[in-house]
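Here is a short report on a two-chain model. Please keep the sequence and the structure in view while reading.

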There are 2 protein chains.
Amino acid sequence: MKQLSQIRIVLIDTTHPGNIGSVARAMKVMGLTRLVLVRPRYFPDAKASAMASSAADLLTGAEVVDNLDAAIADCQLVLGASARSRTLEWPMLAARQAGEHIRQAVQAGQDAGRIAVLFGTESVGLSNDQLQRCHFRIEIPANPEYSSLNLSQAVQVICYELRLAFLDAVDSSPPAEPTDPAYAPADKQAVESFLQRLQQMITELDILNPAQPMLLMQRLRRLFMRARLEASEISILQGIVSAVLAQQHRRKDKPADKQQD
Amino acid sequence: MKQLSQIRIVLIDTTHPGNIGSVARAMKVMGLTRLVLVRPRYFPDAKASAMASSAADLLTGAEVVDNLDAAIADCQLVLGASARSRTLEWPMLAARQAGEHIRQAVQAGQDAGRIAVLFGTESVGLSNDQLQRCHFRIEIPANPEYSSLNLSQAVQVICYELRLAFLDAVDSSPPAEPTDPAYAPADKQAVESFLQRLQQMITELDILNPAQPMLLMQRLRRLFMRARLEASEISILQGIVSAVLAQQHRRKDKPADKQQD
């Protein structure tokens, strides 16, 4: 269960410190230990410690960062808990499927320490922008007439499903074969750097809809996040983007003064 | 799901009113509505209402009784949530099995309104005497080194399992895929036609390795097949490829005669 313990839980913009404590307890009873806090409004705080009960060690060990990217920069698999239906559809796993998906990924060699599950602020959950950093949205099946789980309850259910998925698997599986480095998942930084260059490319290609310039990039981001790009695929795609950009720049340079090539 | 809503949750000797409110919310988000309180230390209480959020109706409708027998007098199936191992061994169901067991009982004709799940006081859980009023003990799998779930977290997990068990029974279909036609999977012809144009594009970009010209396209095909492209994504990708090809063709035309721009 060592791998289970390494999966990181990331709370974004948490407003009630009591919830942070309840989350720590919800994690520890299921065997998770890595808590990352993005811009907590109050932390450390006596209420967090009170609610954490015997999970105060998770609070002491919590990483506090001031932006989401810092929280997940080295992550290869990112999932976001979100009950809300979005204008932008995002690949979805129910909580039980998510536990199973993560367990299978780890069994296949995915480093559990580079898996993160994100939880948004209490009032509105994850923003679309935050969700777009996720490979999958996790949905907890709930009463359609009142589906708003308290933050720590949502963490509890997902950590419970993670524990059950890993319990099922424990010791029954052969050790994973080492992953061929060529097929290793890309880390988040590499993906973001590719997406930035891709955005530059489509901007220069002049195919954006002026009324909704961000929509195209959102759709591309959604596609490439879903595909869970591998490190070598990033190299290939970066190579293509570079070739297109180089060609664009030659075109732009040439008609202006033709002085060099 | 009407039957699910009738299963009663019984809290015994609850000392923290905030927990009662959290339990109400945990129940309602999973579609349960019947809360029975045995000797609550503080109730009604502002903290209970605050934690209940939009589940305040469950607090208003809660039955308050002064002994356990009154709470379950008419019950035909009683289960007790208990993490502690007892001197007295008791028939045990893990939370998931308990959901399944209850669902099967209801399907076999058991009146859901006469099923109760008991939760003991926060500090020590159910007493042996209380447990002996149960047909089964329910255990939530937890970290053996720290297995003490907060009361409302325990209620959340068990109500979640109940909901899933009843959902499975009601309609066994997986969660619906997005039905928006914009997100429909592309057909095979559309994918192949895109991949052909992509191959043309990278060939003209002149980035193929002459020793292994097919390798790059193989990797791209693997990536895009894995992603299971949607119809609208094909359109987007075709649009990008067209823009790049158009630019390439302008470049090729231009150096030859420079007559137009």
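The text below moves from the chain fold to the domains, one helix, the cores and the chain contact.

**Chain A overall**

This is a predicted model. Chain A carries eleven helices and seven strands. Of its 261 residues, 43% count as buried. Long-range pairing is prominent in the contact list: among contacts in chain A between residues at least 6 apart in sequence, 84% join residues at least 24 apart.

**Two domains**

Chain A splits into domain 1 (2–169) and domain 2 (181–257). Their centres, taken over C-alpha atoms, are separated by 30 Å. Domain 1 of chain A puts 13 residues into the contact between them, and domain 2 of chain A puts in ten. On the domain 1 side, eight of these residues are nonpolar, four are polar and one is charged.

**Helix α2(A)**

How far apart are the end C-alpha atoms of α2(A)? They lie 19 Å apart. With 13 residues at 1.5 Å a residue, α2(A) should span 18 Å, so the two values agree. Burial is the other point. 13 of the 13 residues of α2(A) are buried, so this helix is largely enclosed by the rest of the structure. Just after α2(A) comes A:G31, with a positive phi of about 90 degrees.

**Nonpolar cores**

In soluble globular proteins, nonpolar side chains tend to be buried together. Here the largest nonpolar core holds 125 residues. Which of them touch the most other members? They are A:V10, A:M27 and A:I158, along with B:V10, B:M27 and B:I158. Take B:V10 as a case. Leaving aside residues up to four places away in sequence, B:V10 touches B:V36, B:V38, B:A71, B:I72, B:A116, B:V117, B:L118 and B:F119. A second, separate core has eight residues, including A:L198, A:I202, A:V244 and B:I202.

**Contact between the chains**

Chain A gives 45 residues to the contact, and chain B gives 47 residues. On the chain A side, the elements that each supply at least two residues are α2, β5, α8, α9, α10 and α11. α11(A) gives the most, with ten residues. The table sorts the chain A side by class.

| Class, side of chain A that touches chain B | Count |
|---|---|
| Nonpolar | 25 residues |
| Polar | twelve residues |
| Charged | eight residues |

Two of these elements link back to earlier points. α2 (17–29) of chain A belongs to this list of suppliers, and its 13 residues are buried. α11 (231–257) of chain A is listed too.

Terms used: Residues are numbered from 1 along each chain as its sequence is written. Chains are lettered from A and ligands numbered from 1 in the order in which they are written. This is a predicted model: local features need pLDDT of at least 70, side-chain atom pairs count only at pLDDT 80 or more; totals for chains, interfaces and linings use all residues. Two residues are in contact if their C-beta atoms, placed from the backbone, lie within 7 Å. Helices (H or I, at least four residues) and strands (E, at least two) are DSSP runs, numbered from the N terminus. Ala, Val, Leu, Ile, Met, Phe, Trp, Tyr, Cys and Pro count as nonpolar, Asp, Glu, Lys and Arg as charged, and the others, Gly among them, as polar. Domain bounds come from an automatic or database domain assignment. The expected span of a helix is 1.5 Å times one less than its number of residues. A residue is buried if 20 or more other C-beta atoms lie within 10 Å of its own, exposed if 12 or fewer, and partly exposed in between; C-beta atoms are placed from the backbone. A nonpolar core is a set of buried Ala, Val, Leu, Ile, Met, Phe, Trp, Tyr and Cys residues joined through C-beta atoms within 7 Å.
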